Amino acid sequence: MTGIGITHIGLCTPLGNCAESVLTRLLQGDTSAMQWRDDLLFDKSTLVGVVNNNDLLSIPEHLQEFACRNNRLLHTAAMQIYAEVQSAKQRFGAKRIGVILGSSTSGISKGEIALRYRAEQGCFPPDYHYSQQELGSTSFYLQKLFELQGPCYTISTACSSSAKVFAAAKRLLQADLCDMVIVGGADSLCQLTLNGFSALESVSAGQCNPFSANRDGINIGEGAALFTLEKTPTQVMLVGVGESADAHHISAPHPQGSGAIAAMKQALEDANLSIHDIDYINLHGTATPKNDAMESRAVAALFKDNIPPCSSTKPLVGHLLGAAGAIEAAFCYLILSDLNIHHALPPQLWDGQVDTNDPSLPLVTQGQKATSLHYAMSNSFAFGGSNASIIFAKKPQQGLNK
């Protein structure tokens, strides 16, 4: 096999839902989707990546039991691949199509609204049920929407959740348990996650500033991205996945990035590639002091003098937590696609103040183009030392992958 084909994608992001417009705004470094909100943190306003409400589709009437913002984000992305999934169902059968999604919030925001209602009215609202915020309901909703019967589950490993879905899907396809697997992630803004990160002193006071000496934390965002994966050659392929769990600390990463290095090395080995082959790295780049220090050390240790252009795209959309891996995988897909005719790269938005305590990375400047753009790596490093690295290829040659 030469890799896993990405046959279709669906997007619902702060940068929009249309592939062409998302790519344009990504390459422009458009930060207009970042908005100040005063209804998320209990004690102050915060800057977050927001999906425009006018871009969201409604949950169908017969699936109202799943109605929540998280599933509306998911549904909006899902309708972009709906016809293709129905066609695949005719070819393969409902039992041969799997669903694996990543999420860290599910419908928690729906639960927060319900708790406020209960405090005022003495009972929960009639349209609320706890199952709406169960993590499994994210994938179960998509399975119900498409009327599928294959493997269906949600991965929730914090910020690596929707990166790890690619590894899980690859295993299902290679084991011949599925002919198509729908993967991706969805996360929505809610008070629980915002105040949790604030309690950890990890939320930025303003625009997040990845890899800067002045970085002070994350901006959180929301959105969804979906992919259909099949064992067939396509314009952009999934060619390498790597996973590791260093379990260094419940929230702090391993200082030298041992788990991150292991995940990147495994992805390279899985793709039969060397460090010289990677043309761009989408960094996890959360803009927290410890994460960026770890990632810069890990990338420098593995790539040495061959570090490709890198950038963190979180200043454009925020950190989408459980959906971050899928959104950033979509960004890699878009820059490798034929839509990106000039081989442009997503710029690194920061103040340019290098942290002399950490290795310096070749961060992408505004308007920078790649001399070669065939392979892109996307990193996702989560709490608990759960690490994932994915490699995508543009029109790979025969025998590229194991």
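This passage walks through one helix, the nonpolar cores and the aromatic pairs of a predicted model.

A good place to start is helix H3, which spans residues 82-92 and has Val85, Gln86, Ala88 and Lys89 as its buried residues. These residues cover an arc of only 160 degrees around the axis, which puts them on the same side of H3. On the face turned away from that buried side, the exposed residues Ala83 and Gln90 are found. The buried residues of H3 have several packing partners: strand S4 (97-102), helix H5 (136-146), strand S6 (180-187) and strand S8 (223-230). After H3 comes Gly93, with a positive phi near 100 degrees.

From this helix, attention can turn to the nonpolar interior. The largest nonpolar core is made up of 53 residues. Within this core, the residues with the most contacts are Ile100, Phe166, Val183, Phe227, Leu229 and Phe392. Helix H11 (residues 324-336) gives the most to the core, contributing 11 residues. Phe227 offers a helpful view of the surroundings. When its neighbours within four places in sequence are left aside, Phe227 is in contact with Ile6, His8, Ile9, Phe166, Val181, Ile182, Val183, Gly184, Ala326, Ala329 and Ala330. Another core, of 28 residues, lies apart from the largest one, and its members include Phe211, Val239, Leu283 and Phe303.

Aromatic rings complete the picture. In total, 6 aromatic pairs are counted. In one of them, the ring centres of Phe66 and Tyr141 are 5.5 Å apart and the planes stand at 55 degrees, so the pair is tilted. Phe66 belongs to the loop between strand S3 (46-49) and helix H2 (69-78), while Tyr141 sits in helix H5, so this pair ties together parts that are 75 residues apart in sequence. Phe66 and Tyr141 are both buried. Together with Phe140, Phe66 and Tyr141 form one aromatic cluster. Helix H5, home to Tyr141, is also one of the elements against which the buried residues of H3 pack.

A further pair joins Phe124 and Tyr128, whose ring centres lie 5.3 Å apart with planes at 35 degrees, so this pair is tilted as well. The accessibility of the two residues can be described in turn. Phe124 is partly exposed, with a relative accessible area of 38%. Tyr128, at 17% relative accessibility, counts as buried, because buried means under 20% relative accessible area.

How values were computed: Residues are numbered from 1 along each chain as its sequence is written. This is a predicted model: local features need pLDDT of at least 70, side-chain atom pairs count only at pLDDT 80 or more; totals for chains, interfaces and linings use all residues. Side-chain values use heavy atoms; hydrogens and water are left out. Buried means under 20% relative accessible area, exposed over 50%, partly exposed in between (1.4 Å probe, protein chains only). Helices (H or I, at least four residues) and strands (E, at least two) are DSSP runs, numbered from the N terminus. The arc is that of the directions from the helix axis to the C-beta atoms. Contact means heavy atoms within 4.5 Å. A nonpolar core is a set of buried Ala, Val, Leu, Ile, Met, Phe, Trp, Tyr and Cys residues joined through side-chain atoms within 4.5 Å. Rings of Phe, Tyr and Trp (its six-membered ring) pair if their centres lie within 6.5 Å; planes under 30 degrees apart count as stacked, over 60 as edge-to-face and the rest as tilted.
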